Amino acid sequence: MSTVYFCRSVQFRAVHHYRLPELTLAENRRRFGPAAEPHEHLWTLTLWLTGPMEPGTGMIVDLVQVDEILEAEVVARFHNQHLNRVDPFFESHQPSTETLALYFAERLVPRFAPVRLARLRIAETDDLFAEWYA
Ligand SMILES: Nc1nc2c(c(=O)[nH]1)N=C([C@H](O)[C@H](O)COP(=O)(O)OP(=O)(O)OP(=O)(O)O)CN2
């Protein structure tokens, strides 16, 4: 049986850096190079949502509802922020794309239920991104 996914992307601009707390600044600079310094990306978060299509509307989920959740959970919290400081979680977790994929998936899955978040992509650029699959 075929499956349809409804997809939506949202962007936010934010700074991050990589620094392990057990290392000195000089050691972090050697370990991570330029990425040890705060640097900005225009992040793109993309969701793949699936579930039954409502016969009347032909929709899996209303776009207005999707956008409200993304605005509250992603844009309002992360746009123009420093990711290492936006949530105490990132005091003990480096804000890599891999970590952000897990972070956003864990928070967005319950927000979209019973619509199923099946896949999520967080991209720093077109050629650097991480994906999460349910
Ligand atoms: N495993 C990961 N490694 C790195 C990540 C990541 O999310 N996961 N992120 C970064 C940085 O944020 C960094 O900005 C990207 O590193 P950079 O060396 O600039 O990457 P590119 O080679 O793609 O950049 P060019 O401008 O094309 O040289 C680092 N590592």
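**Figure 1. Serine S96 and its surroundings in the predicted model.** S96 lies in the loop that links helix α3, residues 83-86, to helix α4. In this predicted model, S96 counts as partly exposed because it has 16 C-beta neighbours inside 10 Å, a number that falls between the limit of 12 or fewer for an exposed residue and the limit of 20 or more for a buried one. Although S96 and I122 are 26 residues apart along the chain, their C-alpha atoms are separated by 9.8 Å. S96 is also one of the residues that surround the ligand, and this leads to the next view.

**Figure 2. The shell of residues around the ligand.** The ligand is surrounded by A35, H39, S96, T97, E98, E124 and L128. When these residues are sorted by class, the shell has two nonpolar, three polar and two charged residues. Where in the fold do some of them sit? H39 is the residue at which strand β2, residues 39-50, begins, while T97 and E98 belong to helix α4, which covers residues 97-112. E124 falls within strand β4, residues 116-125, and L128 is the residue at which strand β5, residues 128-133, begins.

**Figure 3. The whole protein, shown for orientation.** The protein has four helices and five strands, and from the N terminus on its elements run β-α-β-α-β-α-α-β-β. The C-alpha trace spans about 60 × 30 × 25 Å along its principal axes. Of the 134 residues in the protein, 16% are buried. Among the contacts with a separation of 6 or more, 64% are between residues 24 or more positions apart. The mean pLDDT of the protein is 97, with 100% of its residues reaching 70 or more, and the model scores ipTM 0.91 and pTM 0.94.

**Figure 4. The five-stranded sheet and its antiparallel partners.** The five strands form an open sheet in the order β3-β1-β2-β4-β5, with mixed pairing. At the edges stand β3, residues 81-82, and β5, residues 128-133, each of which pairs on one side only. Strands of a sheet pair through backbone hydrogen bonds, and they may do so either in parallel or antiparallel fashion. Strand β1, residues 6-16, pairs with strand β2, residues 39-50, in the antiparallel sense over 11 bridges, and within this pair the bridge partner of C7 is W48 in β2. On the other hand, strand β2 is also joined to strand β4, residues 116-125, by seven bridges, and these two strands run antiparallel. Which residues of β4 stand opposite T46 and T50? The bridge partner of T46 is R121, whereas T50 stands opposite R116.

**Figure 5. The hairpin of β4 and β5, with the two helices that lie on the sheet.** Strands β4 and β5 form a hairpin with two residues between them. Six bridges join β4 to β5, and the two strands run antiparallel; L120 stands opposite W132 in β5. Helix α4, residues 97-112, packs on the sheet and touches β2, β4 and β5, and its direction makes about 145° with that of β4. Helix α2, residues 63-78, lies across β1, β2 and β3, and runs at about 10° to β1.

**Figure 6. Two loops with particular backbone geometry.** In the loop between α4 and β4 lies P114, and the peptide bond that leads from A113 to P114 is cis, with omega near 10°. In the loop between α2 and β3 lies N80, whose phi is near 65°, a positive value in a residue other than glycine. Is N80 buried or exposed? N80 is exposed because 10 other C-beta atoms lie within 10 Å, and a residue with 12 or fewer is placed in that class.

Technical notes:
Residues numbered from 1 in each chain as written. Predicted model: local features only at pLDDT ≥ 70, side-chain atom pairs only at ≥ 80, totals over all residues. Near = placed C-beta within 6 Å. Nonpolar A, V, L, I, M, F, W, Y, C, P; charged D, E, K, R; others polar. pLDDT = per-residue confidence, 0-100. Contact = placed C-beta atoms within 7 Å. Pairing = 2+ DSSP bridges. Axes fitted to C-alpha atoms, helices over the stretch in contact; angles between N-to-C directions.
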